[in-house]
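Welcome! Here are some short exercises for you to work through with the structure in view. Try each task yourself before you read its solution.

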Amino acid sequence: MSKLSKDLVAASSVPIILSILAGGEHYGYQIIQKVRDVSGGDIEWADGMLYPILHKLEDKGMIESYWQVSDNGRKRKYYLIRPEGREVLAVERTNWSVIHVLLQNLWNPQPHSI
């Protein structure tokens, strides 16, 4: 199977990240792993793609972060969704649902009844 286009992955990155964080706080590598796992390996993000988006979402007040030392003594930056991010996610869900239905109708047209 061919890889997804970079444009499609980029366009879907905000709702993907917000959806993951809506399920609970995560650090960056966990987000990358979750995307890979849930997509069945079809989407593989690199650090260089994820962190600029996380910073943008934080700058816009959709998410927040904090540092915590893990059990192994390593510092990790955790991200969590804010109420503003939940509002944006609700709009994104609606928008992506509309696009999904449109494409389904175009790809699988139903005969019109008379």
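A residue is called buried under 20% relative accessible area, exposed over 50%, and partly exposed in between. Keep in mind that this is a predicted model.

**Exercise 1.** Decide whether Arg 82 is buried, exposed or partly exposed.

*Solution.* Start with the value: Arg 82 has 27% relative accessibility. Then compare it with the cut-offs of 20% and 50%. Arg 82 lies between them, so Arg 82 counts as partly exposed.

**Exercise 2.** Find out which side chains meet that of Arg 82 in salt bridges.

*Solution.* Step one: the structure holds two salt bridges. Step two: in one of them, Arg 82 meets Glu 64, at 3.1 Å from N to O. This pair links distant parts of the chain, since Glu 64 belongs to strand β2 while Arg 82 sits in the loop between β3 and α4, 18 residues apart. Step three: Arg 82 also meets Glu 84, at 3.4 Å from N to O. Put together, Glu 64, Arg 82 and Glu 84 form a network of salt bridges.

**Exercise 3.** Classify the two glutamates, Glu 64 and Glu 84, by their accessibility.

*Solution.* Glu 64 has 36% relative accessibility, so it counts as partly exposed. Glu 84, at 35%, counts as partly exposed.

**Exercise 4.** Work out which helix gives the most to the nonpolar surface patch.

*Solution.* First, look at the patch: about 750 Å², with Leu 4, Leu 8, Trp 96 and Leu 103 among its residues. Next, locate a member: Leu 103 is in helix α4. Finally, helix α4 (residues 83-107) gives the most, with six residues.

Definitions and conventions:
Residues are numbered from 1 along each chain as its sequence is written. This is a predicted model: local features need pLDDT of at least 70, side-chain atom pairs count only at pLDDT 80 or more; totals for chains, interfaces and linings use all residues. Side-chain values use heavy atoms; hydrogens and water are left out. Patches are made of residues with over 30% relative accessible area and no salt bridge: like charges are joined within 9 Å, nonpolar side chains (Val, Leu, Ile, Met, Phe, Trp, Tyr) within 5 Å. Accessible areas come from the Shrake-Rupley method with a 1.4 Å probe; for residues, only the protein chains shown count as cover. A salt bridge is a side-chain nitrogen of Lys or Arg within 4 Å of a carboxyl oxygen of Asp or Glu. Helices (H or I, at least four residues) and strands (E, at least two) are DSSP runs, numbered from the N terminus. Buried means under 20% relative accessible area, exposed over 50%, partly exposed in between (1.4 Å probe, protein chains only).
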